[in-house]
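Work through the exercises below with the sequence and the model open. Each task is followed by a solution in steps.

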Amino acid sequence: MRLSASFFDRDDVVQIAQDLLGKYLCTQLESELSVGRIVETEAYRAPEDRASHAYNNRLTPRTRTMFGPPGRAYIYLCYGIHHMFNFVTGAEGTAHAVLLRGIEPVEGLEFMLKRRNLSRLGPKLSAGPGVACKALGLSTQYDGISLLESDSVVWVEDRGDIVSPKDIVQGTRVGVAYAGEDAFLPWRFSIRGNLYVSPGKGLAR
DNA sequence: AAGAGGATGAACT
DNA sequence: GTTCATCCTCTTG
């Protein structure tokens with residue numbers, strides 16, 4: 001079943017990042033259904049989190065989506081090349097978000113492989129925020145799209161997977177060295193041992 | 001108006 | 001391990 005507003009409309013974005021593990025992110029774009037099991041996430045908590053684009057409630061054209069209602073996609077361009085997908089969470093006005101960092105391909109493998117220009121399955125397909133986004137066909141053109149409507153072309157499903165806390169690896173977020181002390185917050189989560197967890201290393205103390 | 005830098009990934013050596 | 005592609009966003013002036 002599809003996740004509804006109540007799942008995203010919670011203040012504890014760090015908990016939501018964990019709860020998203022084992023859920024299924026689905027896209028139906030140009031009649032091509034693609035489904036990936038979420039295996040890696042990171043939480044970004046505005047306004048206090050210096051790693052967040054919305055640190056100190058910085059409201060700009062780019063970050064606007066994060067201040068909107070929960071259950072939408074915040075998608076931005078990174079390094080001029082890579083599109084990054086986030087789940088907007090928390091009440092409208094709070095700019096919390098969860099970054100998607102890795103999916104295990106489940107359905108529509110042929111579409112994902114085609115989008116990535118690959119012929120075989122493996123981590124290169126969708127382990128990493130940029131490549132996971134690309135595999136699912138997502139880009140900044142979908143920034144702000146709702147995941148909650150019955151006719152949404154991007155949505156999240158709970159297929160009954162139970163991810164035990166002991167199977168969740170917790171670590172520091174990747175690529176946020178600019179965030180000072182907040183770079184050490186243990187807000188990266190992944191499913192232990194999964195092939196589609198990105199190799200990126202967070203900072204160690 | 002200009003410049004710096006980024007929630008990365010791929011292709012190198 | 002290193003380099004660099006590539007462009008948008010934000011800050012500063």
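For the class counts used here, Ala, Val, Leu, Ile, Met, Phe, Trp, Tyr, Cys and Pro are nonpolar, Asp, Glu, Lys and Arg are charged, and the others, Gly among them, are polar. The model is predicted.

**Exercise 1.** Describe the protein surface near DNA strand B by class, by element and by polar contact.

Solution.
- Step 1. Sort the residues by class: eleven are nonpolar, seven polar and two charged.
- Step 2. Find the nearest ones. Of the 20 residues around DNA strand B, these are His53, His82, Met84, Asn86 and Tyr178. On the DNA side, sugar and phosphate make up 52% of the strand B atoms that come within 4 Å of the protein.
- Step 3. Assign elements. Strand E4 (82-89), strand E5 (96-107) and helix H6 (129-135) each contribute at least two residues to this surface.
- Step 4. Look for contacts to phosphate oxygens of DNA strand B. Arg116 places a polar side-chain atom 2.7 Å from one. With Gly130 it is a backbone N or O atom, at 2.9 Å, and with Val131 a backbone N or O atom at 3.4 Å.

**Exercise 2.** Which residues surround DNA strand C, and what are its polar contacts with Arg58 and Tyr79?

Solution.
- Step 1. List the surrounding residues: Arg58, Thr60, Pro61, Arg62, Leu77, Tyr79, Gly80 and Ile81. Sugar and phosphate supply 71% of the strand C atoms within 4 Å of the protein.
- Step 2. Class them: four nonpolar, two polar and two charged.
- Step 3. Separate backbone from base on the DNA. The side chain of Arg58 has an N or O atom 3.5 Å from a phosphate oxygen of DNA strand C, whereas a polar backbone atom of Tyr79 lies 2.5 Å from a base oxygen of that strand.

**Exercise 3.** Characterise the largest pocket and the second largest pocket.

Solution.
- Step 1. Take the volumes: about 510 Å³ for the largest pocket and about 150 Å³ for the second largest.
- Step 2. Examine the lining of the largest pocket. Of its 27 residues, Tyr76, Cys78, Met84, Val174 and Gly175 lie nearest the centre. Strand E2 (32-44), strand E3 (73-78), E4, E5 and H6 each give two or more residues to this lining. By class, 16 of the lining residues are nonpolar, seven polar and four charged.
- Step 3. Repeat for the second largest pocket. Its lining includes Arg116, Gly130 and Val131, and H6 gives the most, with four residues. The classes here are four nonpolar, five polar and two charged.
- Step 4. Relate this pocket to Exercise 1. Arg116, Gly130 and Val131 belong to its lining; Arg116, Gly130 and Val131 also contact phosphate oxygens of DNA strand B.

Methods
Residues are numbered from 1 along each chain as its sequence is written. Chains are lettered from A and ligands numbered from 1 in the order in which they are written. This is a predicted model: local features need pLDDT of at least 70, side-chain atom pairs count only at pLDDT 80 or more; totals for chains, interfaces and linings use all residues. Side-chain values use heavy atoms; hydrogens and water are left out. A residue is near a molecule or strand if one of its heavy atoms lies within 4 Å of it. A polar contact is a pair of N or O atoms within 3.5 Å; within protein, one must be able to donate a hydrogen and the other to accept it, and residues adjacent in sequence count only if both atoms are side-chain atoms. On a 1 Å grid over the protein atoms alone, a cavity is a set of points where a 1.4 Å probe fits but cannot get out, and a pocket is an open set with protein on both sides within 12 Å along at least five of seven lines; lining residues have an atom within 4 Å of a point. Grid points are joined across faces, edges and corners, and a volume is the space filled by probe spheres set on the points.
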